[in-house]
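User: Got a minute to walk through this fold with me? I'd like to start with how the strands are laid out.

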Amino acid sequence: QVQLVEFGGGLVQPGGSLRLSCAASRSIFSSYVMGWYRQAPGKQRELVASITSGGSTNYADSVKGRFTISRDNTKNTVYLQMNSLKPEDTAVYYCNAHRIINEYDYWGQGTQVTVSS
């Protein structure tokens with residue numbers, strides 16, 4: 001099993017930046033697609049960004065050009081760099097590890113991101 005721990009959430013003003021980190025307890029280099037999801041109160045969880053072991057990325061249209069997902073396999077860590085933040089980005093952000101073989105999902109505990117002036 002993979003345990004995921006997130007860091008970096010907090011309060012930021014519109015236009016500001018935050019960097020989220022997700023540390024995995026085991027190697028996630030080959031077998032997992034890593035992603036960041038977010039969920040606002042009363043809304044469904046949505047995919048924000050994902051990255052494969054080969055470095056292929058995918059972004060939600062709402063964050064494209066502002067967010068960047070990356071992974072450091074030597075540290076078993078995934079990052080989400082968030083720039084030009086908007087109030088609409090306010091949500092709980094969850095790290096996700098998706099095992100390709102059986103499509104099993106591991107989730108972090110979530111970290112709150114609040115964008116407000």
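**Sheet and core**

Analyst: Sure. Four strands make an open, antiparallel sheet, ordered β1-β3-β8-β7. Keep in mind that this is a predicted model.

User: Which strands stand at the edges?

Analyst: β1 and β7. Each has a single partner strand, so one side of each has no neighbour in the sheet.

User: And how much are neighbouring strands turned against each other?

Analyst: By 15° on average, ignoring direction.

User: How many bridges join β1 to β3?

Analyst: Four, with β1 (residues 4-7) running antiparallel to β3. Leu4 sits opposite Ala24 of β3 there.

User: What about β3 and β8, how many bridges for that pair?

Analyst: Six, again in the antiparallel sense, with β8 covering residues 77-82. Cys22 has Val78 in β8 as its bridge partner, and Ser21 is matched with Tyr79.

User: How many residues of β3 are buried?

Analyst: Five of the seven in β3, which spans residues 18-24, so that strand is mostly covered.

User: Switching topic: which residues have the most contacts inside the largest nonpolar core?

Analyst: Leu4, Met34, Trp36, Leu80, Met82 and Tyr93, in a core of 30 residues. Strands β3, β4 (32-39), β5 (46-51), β7 (67-72), β8, β9 (91-99) and β11 (111-115) each put in at least two residues.

User: What is Met34 in contact with, leaving aside its neighbours within four places in sequence?

Analyst: Its contacts include Leu4, Ile28, Ile51, Ile69, Val78 and Cys95. Arg71 and Asn96 are also among them.

Terms used:
Residues numbered from 1 in each chain as written. Predicted model: local features only at pLDDT ≥ 70, side-chain atom pairs only at ≥ 80, totals over all residues. Heavy atoms only, no water. Buried < 20%, exposed > 50% of the residue type's maximum accessible area, 1.4 Å probe, protein only. Pairing = 2+ DSSP bridges. Core = buried A, V, L, I, M, F, W, Y, C linked by side-chain atoms within 4.5 Å. Contact = heavy atoms within 4.5 Å. Axes fitted to C-alpha atoms, helices over the stretch in contact; angles between N-to-C directions.
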